[in-house]
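Q: Could you take a close look at chain B for me, from its overall make-up down to how its helices pack and which residues stand out? I would like the cut-offs spelled out as you go.

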Amino acid sequence: MKRHTSINILFYLYGLLTLAFLYLPVVAVGFASISKSRYLRFPIRKYATGWYGKALTSDTVMDLLSTSVTIAVIVTVVSLVIGFFGALAFARYQWRFRKLYQKLILLPIFFPQTVLGLALLMWFNTLGITPTWKTAIIAHLVWITPIVTLIIAIRAYGFDPSLEDAARDMGCSNWQIMKEVTIPLLMPAVTSAGLFAFLLSWGNFPLSLFTTGADSTLPEWLYAKMVSGYSPLVPTLGVLSVAASAAVIATAFFIRAMIPAVKQARRNYQQAH
Amino acid sequence: MNAREQRLGICSSLPLSALLLLTFIAPLLAIAAFSIMPAKVFTLAHIPDFSAYAEFVREGYWKSLAWSLGMAAVATGLLLVICWPLAYAMVRIFKRFTLIITLLVVMTLFVSENIRLFGWVITLMKGGLFEGYMHSWTGIGFDGLLYNVPVIIFGLVYIYLPFMLFPLTQGISMIPDDARYAAADMGANRWQIFKEVELPLAAPGIVVGSLLTFVLAAGAVAESKLLGGQAVIVISDDVESAFTYGQNWPLGSALAMVLIMVISVLIVVTLMKVDLDKVMGKVK
């Protein structure tokens, strides 16, 4: 038994090491963002937060942020609506072309995003559409909607079809079944899929790179700066981008934790009246 | 398979199928059509001459393809070895820690990959986190660790780790404990259990994870650009320059088509063998 525990400790260490490996570059970016000097060199001699002030008052940065947020919000809403029904077709209903359909959904996920972005650029040009941030929404949807569909589908697999049948036997219309049974049951997966959709769109750059035309998203701008040379704003905006994702995740967890309390409060209120 | 489910299935799959037909399948067909056009045209109203494919062979673009596929293969192999013990521990050994690892690994996916790669650039460069501190502590410095082939593979391993880890955990959780105990009771040693019981039973996870990492790594471009400098040119890089600087859409399309064909063959061959209901439905 003793040998067993020491091996387990090794596994735990390995897990921690992997996490350190995954987060080390993010930490390095964090340190770089508070370096005072214009040219980064470790060890950092002087720390300063001046670059954050510069970033937050710059018009370019505000434009980048608003483009990225707008795209992410629209992508989230549209992909959830399409993905919700897509997931029902994927996992819940037994229909003739289901297996083929399942494979079609997986293809965009298994596809190199740079090539997909270029293919879309060419397609938009062929159709005579000038790429702007609006076309980037389409590009994000091609990749994110299948992911949203899969996340909701996993939940839909564990769904007991007899619940819907029972509702139907009791005289519910299709719409009532959807509203009273299907949507509430799939809601947890819908919220996490929405979180994924927003954050993946927020952080995506290979798809945006070719499909935004003259507009630019935050990751795209960062990439352009990285390739063309160092700018002290790169680590600063990198940290801001990560912080924004973290804030979204924290908010989501907070809201989820609050749901039981809110329900309880509502119940108390109803009982009191 | 009753009529109502048939109708509901088709109706609810329609929006997604339409989206993918218009914005995924159609662009791919456009690429295929452009790839057989003569050089430097921007419409499809020309007589096809397949010259772009001749250029692929003549101008040595196949070398970029070989680099992409080779580095992707090495990265996939490394990831299998790196992720197996962790995936195994996440399913069998860790308790609450599994949830923590899962959350923290998923969270890295939400950080733009170029920000994370940039983090490695400033960690590994001369005067970066590693060399800078080593120099100031020991007085011995070294040239940066960037701009070579191994560091590109390192970048691929780093970026695509989650895409191997999660399918592997899913695969390993499909191994019933009874199968391992039975093998152990019959006198199999640790290695035999691994080879004869665990590997075959976890195969769907291994296949999906390897396919995903290989395909994504083969089409990756940021790793070689940011970490590798100009050490090697990968195929996606060639596609990109043909479309942008070269203004030669047929060439770019032909290069993309070659990559797409390699990938499609792999995907079609493997996905035909994997039953998705089984892999996804059985979450534990």
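A: Happy to help; here is a walk through chain B, from the whole chain to helix pairs and single residues.

This is a predicted model, in which local features need pLDDT of at least 70 and side-chain atom pairs count only at pLDDT 80 or more, while totals for chains, interfaces and linings use all residues. Residues are numbered from 1 along each chain as its sequence is written, and chains are lettered from A and ligands numbered from 1 in the order in which they are written.

Let us start with the whole chain. Chain B has 14 helices and zero strands; helices here are DSSP runs of H or I with at least four residues, strands are runs of E with at least two, and both are numbered from the N terminus. Read from the N terminus, the elements run α-α-α-α-α-α-α-α-α-α-α-α-α-α. Along the principal axes, the C-alpha atoms of chain B fill a box of roughly 75 × 70 × 35 Å. Of its 284 residues, 45% count as buried, where buried is taken as 20 or more other C-beta atoms within 10 Å of a residue's own, exposed as 12 or fewer, and partly exposed as in between, with C-beta atoms placed from the backbone. Among contacts in chain B with a separation of 6 or more, 73% join residues 24 or more positions apart; a contact means that the C-beta atoms, placed from the backbone, lie within 7 Å.

Next comes the interior. The largest nonpolar core has 154 residues, and B:Leu156, B:Tyr160 and B:Leu255 have the most contacts inside it. Such a core is a set of buried Ala, Val, Leu, Ile, Met, Phe, Trp, Tyr and Cys residues joined through C-beta atoms within 7 Å. Setting aside neighbours within four places in sequence, B:Leu255 touches B:Phe56, B:Tyr61, B:Ile235, B:Asp238, B:Val239 and B:Ala242.

Now for helix packing. Two packed helices are described by the angle between their axes and the distance between the axes. The axes are lines fitted to C-alpha atoms, for helices over the stretch in contact, and angles run from 0 to 180 degrees between N-to-C directions. Helix H10 (residues 203-218) of chain B packs on helix H13 (residues 249-273) of chain B at about 175°, with the axes 11 Å apart. H10(B) and H13(B) are therefore roughly antiparallel to each other; angles over 145 degrees get that label, those under 35 count as roughly parallel, 65 to 115 as roughly perpendicular and the rest as oblique. On the H10(B) side the meeting residues are B:Val207, B:Leu211, B:Val215 and B:Ala218, and they face B:Leu259, B:Ile263, B:Leu266, B:Ile267 and B:Thr270 of H13(B). By class, this contact has eight nonpolar, one polar and no charged residues. Here Ala, Val, Leu, Ile, Met, Phe, Trp, Tyr, Cys and Pro count as nonpolar, Asp, Glu, Lys and Arg as charged, and the others, Gly among them, as polar.

A second pair is helix H8 (residues 177-185) of chain B and helix H9 (residues 190-201) of chain B, whose axes come within 10 Å and cross at roughly 165°. That angle makes H8(B) roughly antiparallel to H9(B). The contact draws on B:Ala179, B:Arg180, B:Ala183 and B:Ala184 of H8(B), together with B:Ile193, B:Glu196, B:Val197 and B:Leu201 of H9(B). These residues divide into six nonpolar, no polar and two charged.

Finally, some single residues. B:Phe50 has phi near 60°, a positive value in a residue other than glycine, and is found in the loop between H1 and helix H2 (51-58) of chain B. With 13 C-beta neighbours inside 10 Å, B:Phe50 counts as partly exposed. Phi of B:Tyr147 is also positive, near 60°; this residue is in the loop between helix H6 (129-138) and helix H7 (149-173) of chain B. B:Tyr147 counts as partly exposed because it has 15 C-beta neighbours inside 10 Å.

In helix H1 (residues 3-35) of chain B you will find B:Gln6, which is partly exposed with 16 C-beta neighbours inside 10 Å. The C-alpha atoms of B:Gln6 and B:Gly229 are separated by 53 Å, with their positions 223 residues apart along the chain. B:Ala3 is found in helix H1 of chain B and counts as exposed, with 8 C-beta neighbours inside 10 Å.

Definitions and conventions:
Two residues are in contact if their C-beta atoms, placed from the backbone, lie within 7 Å.
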